[in-house]
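Please open the structure in your viewer and keep the selection tool at hand. The tour goes from one selection to the next, and each stop says what is to be found there.

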Amino acid sequence: MIEARALRKAFGVSLVLRDVDLDVGRGEIVAVLGPNGAGKSTLLRLLACISRANAGRLSLFGADCHPGRPTLDVLARIGFLGHEPLLYEDLSPRQNLEFFARLYSRRGRRDDADVVARASLERVGLGHAMERPTRALSRGMLQRLAIARATQHQPELLLLDEPFTALDESGSDLLSGEIRRLAAIGTSVVMVTHDLARVSSLAGRVVILAAGRVVHDASPVPAAGELALGYRRLTGLEV
Amino acid sequence: MWTIVRKDLAIELRTGEMASSMFLLALLMVLIFAFTLEPERLAGPEFLAGLSWTTLLVAGTLALNRSFVLEREAGGLTGLALAPIDRGSIYLGKAIGNFLLLLVAGVVLLPLIAILLGTRGLAPTMVLPLVLLLGVVGIAAIGTLCAAIASRTRAREVLLPILMFPLLAPLLIGATRATAGALVGESAGELQSWLLMLAGFDIVFATSGWLSFDYILEE
């Protein structure tokens with residue numbers, strides 16, 4: 001699914017990623033850990049093809065995405081949940097999801113966008129709020145809506161940047177369930193998070209980034225306590 | 001592309017932000033001219049044409065800026081860049097949305113200016129709608145491109161007019177001359193050179209925007 005070799009990214013003179021290698025297979029759930037500024041979000045943005053690397057090679061689904069460019073077919077198979085919800089505050093949740101369902105409907109899935117949007121909203125527990133203005137949603141509800149946006153087209157590669165942020169316990173459980181459901185049908189998941197308990201229970205592999213380098217890449221993932229000890233030893237920091 | 005147009009129109013219908021601010025500013029500008037100058041003396045076709053296009057441009061700048069602020073607010077532009085659509089289509093979708101808004105503004109503005117500043121001696125021909133169409137296409141094509149570039153900077157409100165106005169100068173000259181001619185009854189044949197210039201300008205800038213938008217969206 002993902003084959004990244006010696007990915008490098010700089011912003012001006014600041015080198016954020018240094019020769020990162022990463023392979024992720026079909027149906028694998030990989031957690032990416034690391035201190036603030038380690039390059040985790042930048043790595044996800046490169047994998048989502050939103051941002052372009054300065055050097056290295058990236059192949060997704062066997063297609064060259066860097067130094068080449070991702071095809072529309074590759075983009076249609078990616079789901080991305082970042083720090084921003086990537087939604088329009090002046091549209092309702094239903095209008096937002098319907099809009100994105102239309103954008104992603106080119107892959108032969110001719111499902112009605114309205115039906116897809118309504119089903120996605122019900123799945124994330126926002127069925128009661130589908131016609132409210134998005135700007136009136138709470139932070140947690142907005143995160144649920146963003147999860148629906150990122151997953152409603154059944155992506156084969158799901159990239160999640162701190163996805164449990166702002167979610168209550170039921171929202172976190174819902175997201176965990178969604179990640180497991182997608183992985184079970186073959187979706188690869190790369191997840192940046194600081195929640196070690198969730199990492200232990202969800203991920204099959206953990207990658208630790210520090211100062212833009214992969215300093216640890218191992219599976220299976222140990223229990224949260226052991227993982228925290230290993231993390232502290234590798235980075236010198238608390239999670 | 002049409003999905004993006006529909007989305008922009010849905011947002012505008014829901015909020016009315018761009019249309020209301022644009023119309024209010026246009027109305028204020030026209031009223032200031034009407035009260036401070038002597039309309040009977042100044043309301044020749046050249047003055048009316050120049051005032052119409054200047055007002056439309058200044059008011060349109062607000063709308064163009066707002067159209068990309070909406071995209072930047074919650075990362076909408078990133079959402080579009082992630083989607084499996086040709087990035088040139090994103091540009092065309094945004095440009096068509098802006099074109100429709102500017103066209104409505106132009107259709108309201110021209111008669112308003114004529115009524116407020118006087119219509120004596122005017123005999124508008126059927127070329128006038130064509131001039132309006134070509135001029136508005138040009139403003140939307142260049143404006144959308146410049147607004148997208150400006151939206152990636154912190155000084156976007158300042159940068160947009162600085163980028164856009166010099167590029168639009170030839171178009172404004174052509175549109176003003178053609179409008180002035182159309183207001184006094186000149187035919188399409190007589191205004192052919194201006195009309196061709198406007199059409200050429202539109203094609204060049206719409207194509208440039210379509211081809212370069214991939215690089216503008218890139219991080």
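In which loop of chain A is A:P220 found? Select A:P220 and look along the chain on either side, and you will see that this residue belongs to the loop between β10 and α8 (224–235) of chain A. What you have on screen is a predicted model, and the values quoted on this tour are computed from it. The peptide bond that leads from A:S219 into A:P220 is cis, with omega near -5°.

**Two more loops of chain A**

Next, select A:H66 and A:P67, which are joined by a cis peptide bond whose omega is about 10°. A:P67 lies in the loop that runs between β5 (63–66) and α2 (72–76) of chain A. Then move to A:L86, a residue of the loop between β6 (78–81) and α3 (93–103) of chain A; its phi is positive, about 55°, although A:L86 is not a glycine.

**The six-stranded sheet**

Now select β6, β7, β8, β3, β9 and β10 of chain A together, and you have an open sheet of six strands that follow one another in the order β6-β7-β8-β3-β9-β10, with mixed pairing. Because β6 and β10 of chain A stand at the edges and each has a single partner strand, one side of each is left without a neighbour in the sheet. From one strand to the next, the twist averages 15°.

Two helices can be added to this selection. α5(A) packs on the sheet and touches β6 and β7 (157–161) of chain A, its direction making about 165° with that of β6(A). α8(A) also packs on the sheet, where it touches β3, β9 and β10 of chain A, and its direction makes about 25° with that of β9(A).

Within the sheet, narrow the selection to strand β3 (residues 29–33) and strand β9 (residues 205–210) of chain A, which pair in the parallel sense over four bridges. Along this pair, A:A31 stands opposite A:V206 in β9(A), and A:L33 stands opposite A:I208 in β9(A). Then keep β9(A) and add strand β10 (residues 213–218) of chain A, and you will find these two paired in the antiparallel sense over five bridges. The bridge partner of A:A210 in β10(A) is A:R213. The hairpin of β9(A) and β10(A) has two residues between the strands, and in it A:A211 takes a positive phi near 50°.

**The four-stranded sheet**

Select β2, β1, β4 and β5 of chain A, and an open sheet of four strands appears, in the order β2-β1-β4-β5 and with antiparallel pairing. Its edge strands are β2 (14–24) and β5 of chain A, each of which pairs on one side only, and the twist averages 30° from one strand to the next. To look at one pair in detail, follow strand β1 (residues 2–11) of chain A alongside β2(A): the two run antiparallel and are joined by seven bridges. One place to zoom in is A:E3, whose bridge partner in β2(A) is A:D23.

**A pair of helices in chain A**

Return to helix α5 (residues 139–151) of chain A and select with it helix α6 (residues 169–184) of chain A; the two pack at an angle of about 10°, with their axes 11 Å apart. That angle makes α5(A) roughly parallel to α6(A). To see the contact itself, show A:G140, A:Q143, A:R144, A:I147 and A:T151 of α5(A) together with A:G171, A:L175, A:E178 and A:L182 of α6(A). These residues divide into three nonpolar, four polar and two charged.

**Chain B and its side towards chain A**

Finally, turn to chain B, where 20 residues are in contact with 24 residues of chain A. On the side of chain B that touches chain A, α1 (2–15), α4 (45–73) and α5 (76–82) of chain B each supply at least two residues, and the largest share, six residues, comes from α1(B). The residues of this side divide into nine nonpolar, six polar and five charged.

For the last selection, take α4(B) from end to end: at 1.5 Å a residue its 29 residues should span 42 Å, which agrees with its end C-alpha atoms, 42 Å apart. Along the way α4(B) bends by about 25° at B:G60, and the helix is followed by B:G75, whose phi is positive, near 80°.

Notes
Residues are numbered from 1 along each chain as its sequence is written. Chains are lettered from A and ligands numbered from 1 in the order in which they are written. This is a predicted model: local features need pLDDT of at least 70, side-chain atom pairs count only at pLDDT 80 or more; totals for chains, interfaces and linings use all residues. Two residues are in contact if their C-beta atoms, placed from the backbone, lie within 7 Å. Ala, Val, Leu, Ile, Met, Phe, Trp, Tyr, Cys and Pro count as nonpolar, Asp, Glu, Lys and Arg as charged, and the others, Gly among them, as polar. Axes are lines fitted to C-alpha atoms, for helices over the stretch in contact, and angles run from 0 to 180 degrees between N-to-C directions. Angles under 35 degrees count as roughly parallel, over 145 as roughly antiparallel, 65 to 115 as roughly perpendicular and the rest as oblique. Two strands pair if DSSP finds at least two bridges between them. The expected span of a helix is 1.5 Å times one less than its number of residues. The bend at a residue is the angle between axes fitted to the seven residues ending there and the seven starting there.
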